[in-house]
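Colleague: Could you take me through one part of this model up close? I'd like a connected walk rather than a list.

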Amino acid sequence: MRAIGIILAGGNNRRMQELSYRRAVCAMPIAGSYRSIDFTLSNMSNSHIQKVAVLTQYNASSLHEHLSSSKWWDFGRKQGGLYVFTPAVTAQNSNWYRGTADAIYQNLDFLRSSHEPYVLIASGDGVYKMDFNKVMEYHIERRADITVVCRDMGPNADLERFGTIRMNEESRIEEFEEKPLHAKSRVISCGIYILRRRQLIEMVEKCIEEDRYDIVRDILIRYKDVKRIYGYKIRDYWRNIASVEDYYATNMDFLKPEVRGYFFKQYPDVYSKVDDLAPAKYNMGARVRNSLISSGCIVNGTVESSVVFKKSYIGNNCVIKNSIILNDVYIGDNTYIENCILESHSTIRANSRYVGEDGQIRIVVERNERYTM
């Protein structure tokens with residue numbers, strides 16, 4: 001594919017509450033063995049985008065560790081490579097990324113030194129599968145200046161945290177509202193854009209000259225009547241990890257056979273960093289129903305409709321229902337957990353009870369003294 005990829009992975013999201021206190025949202029564990037950013041990286045790899053930059057900033061240590069080797073997504077340096085950029089103090093600049101456009105501006109050397117004619121920009125917190133070649137074909141066919149990937153949302157979806165767009169019959173975007181209080185359209189932007197590399201450099205440079213720092217507000221909205229900006233609609237599974245409720249619902253979706261089959265049995269594959277762990281162990285008395293249990297786990301109690309991540313231990317006579325147990329959690333005997341998310345490295349004492357009341361998801365953080373980070 002004649003494009004380089006840029007993954008925006010530096011934002012801070014307060015809607016994730018305690019879950020983003022120690023990690024970037026793009027590093028959030030998904031479906032037992034994956035991270036959120038794995039889906040975007042896999043889509044780029046499967047679309048034969050060989051050169052990808054990940055722009056990180058907030059709580060990036062776990063994300064950097066996850067991206068320490070590009071081999072898992074097959075980004076070989078001889079063909080292109082996977083590059084991870086963080087804000088750096090230079091003679092010309094000492095700012096952190098002030099927005100998505102500024103993040104690209106501070107790494108313009110990456111764009112200038114590349115030779116591919118197009119750039120694909122994507123957020124790293126989406127869970128989806130997509131062939132970006134089809135988006136590129138659509139972009140070229142329409143002679144678009146910018147193409148925005150979008151999708152229709154259901155009647156009960158919360159649109160206040162998305163950018164909503166209205167298109168004409170030819171799919172050209174006529175109106176773009178960023179996080180509207182009263183949305184006029186139920187078509188949202190998925191945070192995926194294609195445009196020419198040289199055009200992106202010019203637009204970003206002009207933004208910074210005018211003290212503008214955001215791609216949506218200062219490029220898409222500002223240029224919608226000047227540039228040919230088109231929408232490309234997708235209809236397959238897509239979710240954005242932007243709140244505790246979204247994160248919980250996304251993991252619960254993977255308990256549905258059709259969602260698991262779509263992501264893990266249908267070509268192309270989703271890739272991730274692989275840990276050398278023993279298979280999950282189920283001791284005498286363990287009962288598991290409609291759940292995902294990851295490698296390295298030991299289960300002694302009952303687990304129903306839950307996702308249990310790597311290296312977790314569930315004690316005797318425990319009951320886990322409708323919950324997400326993140327990596328390396330120890331749950332003592334006779335514990336009852338329902339409608340909860342247990343943070344990584346938590347130690348739950350025996351005979352404990354944690355329940356999310358009134359349909360709310362409860363986040364449980366019980367740190368083990370062994371872990372200081």
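Colleague: About how much space lies in the largest pocket?

Modeller: Bear in mind that this is a predicted model. The largest pocket holds about 1200 Å³ of space. Its lining is made up of 37 residues, and those nearest the pocket's centre are Gly11, Thr100, Ser123, Asp125 and Lys179. Two or more lining residues come from each of E1, H3, strand E10 (173-178), E11, H7 and strand E13 (238-240). E11 gives the most, with four residues. As for chemistry, the pocket lining splits into 15 nonpolar, 12 polar and 10 charged residues.

Ser123 is a handy way into the strands. In E6, Ser123 is the bridge partner of Leu8. That pairing belongs to a parallel match in which six bridges join strand E1 (residues 3-9) to E6. E6 also pairs with strand E11 (residues 187-196), this time antiparallel, through five bridges. Here you can look for Leu120, which stands opposite Ile194 in E11. Strand E6 covers residues 118-123, and five of its six residues are buried, so the rest of the structure largely encloses this strand.

Now stay with E11, because its residues turn up again in a closed space: E11 and helix H7 (215-221) each supply at least two residues to the lining of the largest cavity. The structure has two cavities of 30 Å³ or more, and the largest one holds about 50 Å³. Lining that largest cavity are Ile121, Ile146, Tyr193, Leu195, Leu200, Ile215, Ile219 and Leu220. H7 gives the most to this lining, with three residues. The chemistry here is easy to state: eight nonpolar residues, no polar and no charged.

Leu200, one of the residues lining that cavity, takes us to helix H6. This helix (residues 197-209) has 13 residues and reaches 19 Å from its first C-alpha to its last, close to the 18 Å expected at 1.5 Å a residue. Leu200 is buried in H6, as are Arg197, Gln199, Ile201, Met203, Val204, Cys207 and Ile208. Just after H6, have a look at Asp211, which takes a positive phi of about 55°.

Back on the pocket side, H3 is one of the elements giving two or more residues to the lining of the largest pocket, which holds about 1200 Å³. Helix H3 (100-105) also helps to line the second largest cavity: H3, strand E4 (51-56) and helix H4 (108-112) each supply at least two residues there. About 30 Å³ of space lies in this second largest cavity. Its lining residues are Ile6, Ala53, Leu55, Ala103, Ile104, Asn107, Phe110 and Leu111. They divide into seven nonpolar, one polar and no charged.

While you have the model open, the aromatic rings deserve a stop too. The structure holds 15 aromatic pairs. One of them is Phe254 with Phe263, a tilted pair at 5.2 Å centre to centre and 40° between the planes. Phe254 and Phe263 are both buried. Phe254 also pairs with Phe264: the ring centres are 5.6 Å apart and the planes lie at 25°, so this pair counts as stacked. The pair links distant parts of the chain, 10 residues apart, with Phe254 in the loop between helix H8 (244-253) and helix H9 (257-264), and Phe264 in helix H9. The two partners differ in how much they show at the surface: Phe254 has 0% relative accessibility and so counts as buried, whereas Phe264, at 29%, counts as partly exposed. Zooming out a little, Phe254, Phe263 and Phe264 belong to one aromatic cluster that also includes Tyr34, Phe39, Tyr237 and Tyr262.

One last stop is further along the chain. There you'll find an open sheet of five strands in the order E14-E17-E20-E23-E26, with parallel pairing. Strand E14 (281-282) and strand E26 (347-348) stand at the edges with a single partner strand each, so one side of each has no neighbour in the sheet. E26 runs parallel to strand E23 (residues 330-331), and two bridges join them. Ile331 has Ile348 in E26 as its bridge partner.

Definitions and conventions
Residues are numbered from 1 along each chain as its sequence is written. This is a predicted model: local features need pLDDT of at least 70, side-chain atom pairs count only at pLDDT 80 or more; totals for chains, interfaces and linings use all residues. Side-chain values use heavy atoms; hydrogens and water are left out. Buried means under 20% relative accessible area, exposed over 50%, partly exposed in between (1.4 Å probe, protein chains only). Two strands pair if DSSP finds at least two bridges between them. On a 1 Å grid over the protein atoms alone, a cavity is a set of points where a 1.4 Å probe fits but cannot get out, and a pocket is an open set with protein on both sides within 12 Å along at least five of seven lines; lining residues have an atom within 4 Å of a point. Grid points are joined across faces, edges and corners, and a volume is the space filled by probe spheres set on the points. Ala, Val, Leu, Ile, Met, Phe, Trp, Tyr, Cys and Pro count as nonpolar, Asp, Glu, Lys and Arg as charged, and the others, Gly among them, as polar. The expected span of a helix is 1.5 Å times one less than its number of residues. Rings of Phe, Tyr and Trp (its six-membered ring) pair if their centres lie within 6.5 Å; planes under 30 degrees apart count as stacked, over 60 as edge-to-face and the rest as tilted.
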